[in-house]
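Morning, everyone. I'll take this one quickly: a loop, then the cores, then the empty spaces. Here it is.

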Amino acid sequence: MLKLILSLFPLLFITFSLQAQFICSNPSKIALDAKIKELNKLPLEDITNNEKLTLIGNTFLGQPYLEKTLEVGEKEQLVINFIGFDCTTYVESVLALTILYSDTSFESVRTINHYASILERIRYRNGVIDGYTSRLHYFTEWVRDNAKKGIIKDVTVEIGGTEYSKEINFMSTHLSAYKQLDNNKNAVEKIKHIEAEINKKKLSQIYIKDIESVDSKIKSGDIISLVTKIKGLDVTHVGIAVREADGKIHLMHDSQSKGKVVITDKPLYEWLKNSKINTGITVARIN
């Protein structure tokens, strides 16, 4: 799908200059400009950041699912794609817009440049692009790095989660799944170092059987990741918690099976209870 989109707009795929370069197709730029105009009309001033993240996330309902939106070109650059999202880029986009509408320095004018500077800080280790391995590929590291930046806080253990040990090494043991790592010894060594750093600390999760008992402690706008049984991998999917009319937390997420951003029809604990690949969740909260 992405190749088709790029082939339709070959002369409009342009690179802008900010602190670092970023790539945004003309259709994506139009979509982002429209999103900013849409959000300018919403009552975002006097609500909490969790409420703001939930409200902004809701405006993406129905947006299409699109894989590998960041794999553009040979050189790692900040890619802004508003044509479609995967689960992670959906969460990153909503979080970046929430910050954009929480920073009073942007009140007079909000631009794609402002958005790009925030997105780069979220997506890359220490907020700096330095090749493919500087992207926060493992969501565990994504949470830790953004917590270190002061953007979010991991509240998994605080609200009833449990620490556990697991060796994370999926990327370095599945090189053929990552074209940027295949036959690139230097990048592979960097990934192994990143995995070693992740493995220095225990992981945490709220097990599926315990989610219902902590439901009241999860807030709408919390960032939820699904912990996996897959060897070497930490999580398989991410989304945003939203409390629905039944009073329970559901998951707002970009669903591959549904092909778009949706809210689960069942509460999160019920939606996950028969999962064959997931064991629990982690919960992160915007500061």
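**Loops, cores and spaces**

Start with K68, which sits in the loop between α3 (49-58) and β3. Keep in mind that this is a predicted model. K68 is not a glycine, yet its phi is positive, at about 50°. Is K68 buried or exposed? It counts as exposed, because its relative accessibility is 58% and the cut-off for exposed is over 50%.

There is another residue to put beside it. N183 has a positive phi too, near 60°, and is likewise a residue other than glycine. Look for N183 in the loop between α7 (170-173) and α8 (185-198). N183 has 79% relative accessibility, so it counts as exposed.

Now the inside. In soluble globular proteins, nonpolar side chains tend to be buried together. Here the largest nonpolar core has 61 residues. Which of them have the most contacts inside it? They are F60, I80, Y90, L95, L97, Y115 and W142. Helix α4 (residues 87-100) supplies the largest share of this core, with eight residues.

Take L95 from that list. Leaving out residues up to four places away in sequence, L95 touches L53, I122, W142, I151, I152, I223 and I286. W142 is itself on the list of residues with the most contacts inside the core. Apart from the largest core lies another one, of 17 residues. Among its members are V214, A241, Y269 and V283.

A word on cysteines. How many disulfides are there? The count is zero. C24 is at 0% relative accessibility, so it counts as buried. C87 is at 11%, and therefore counts as buried as well; the cut-off for buried is under 20%.

On to cavities. A search of the whole structure turns up two of 30 Å³ or more. I'll describe the second largest, which holds about 50 Å³ of space. What lines it? The lining consists of T69, L70, V79, I80, N81, F82, F85, T89, S93, Y115, L119 and R123. Three elements give two or more residues each: β3 (78-80), α4 and α5 (112-123). Of these, α5 gives the most, with three residues. By class, the lining has seven nonpolar residues, four polar and one charged. Two names should sound familiar. I80 and Y115 line this cavity, and both are on the list of residues with the most contacts inside the largest core.

Last, a pocket. The second largest pocket has about 640 Å³ of space. Its lining runs to 27 residues. Which lie nearest its centre? Those are T140, E141, R144, D145 and K201.

Several elements take part here. α6 (139-148), β5 (162-164), α8, β6 (203-207) and β7 (223-228) each give two or more residues to the lining of this pocket. The most come from α6, which gives eight. The lining of the pocket divides into 10 nonpolar, six polar and 11 charged residues. Set that against the second largest cavity, where the lining has one charged residue.

To recap. K68 and N183 are exposed, and each has a positive phi. The largest core has 61 residues, and α4 gives it eight. For the second largest cavity, α5 gives the most lining residues. For the second largest pocket, α6 does. That's my part done.

Note on methods
Residues numbered from 1 in each chain as written. Predicted model: local features only at pLDDT ≥ 70, side-chain atom pairs only at ≥ 80, totals over all residues. Heavy atoms only, no water. Core = buried A, V, L, I, M, F, W, Y, C linked by side-chain atoms within 4.5 Å. Buried < 20%, exposed > 50% of the residue type's maximum accessible area, 1.4 Å probe, protein only. Helix = DSSP H or I, 4+ residues; strand = E, 2+ residues; numbered from the N terminus. Contact = heavy atoms within 4.5 Å. 1 Å grid on protein atoms, 1.4 Å probe; cavity = no way out; pocket = protein on both sides within 12 Å on 5 of 7 lines; lining within 4 Å. Points joined across faces, edges and corners; volume = space filled by probe spheres on them. Nonpolar A, V, L, I, M, F, W, Y, C, P; charged D, E, K, R; others polar. Disulfide = S-S within 2.5 Å.
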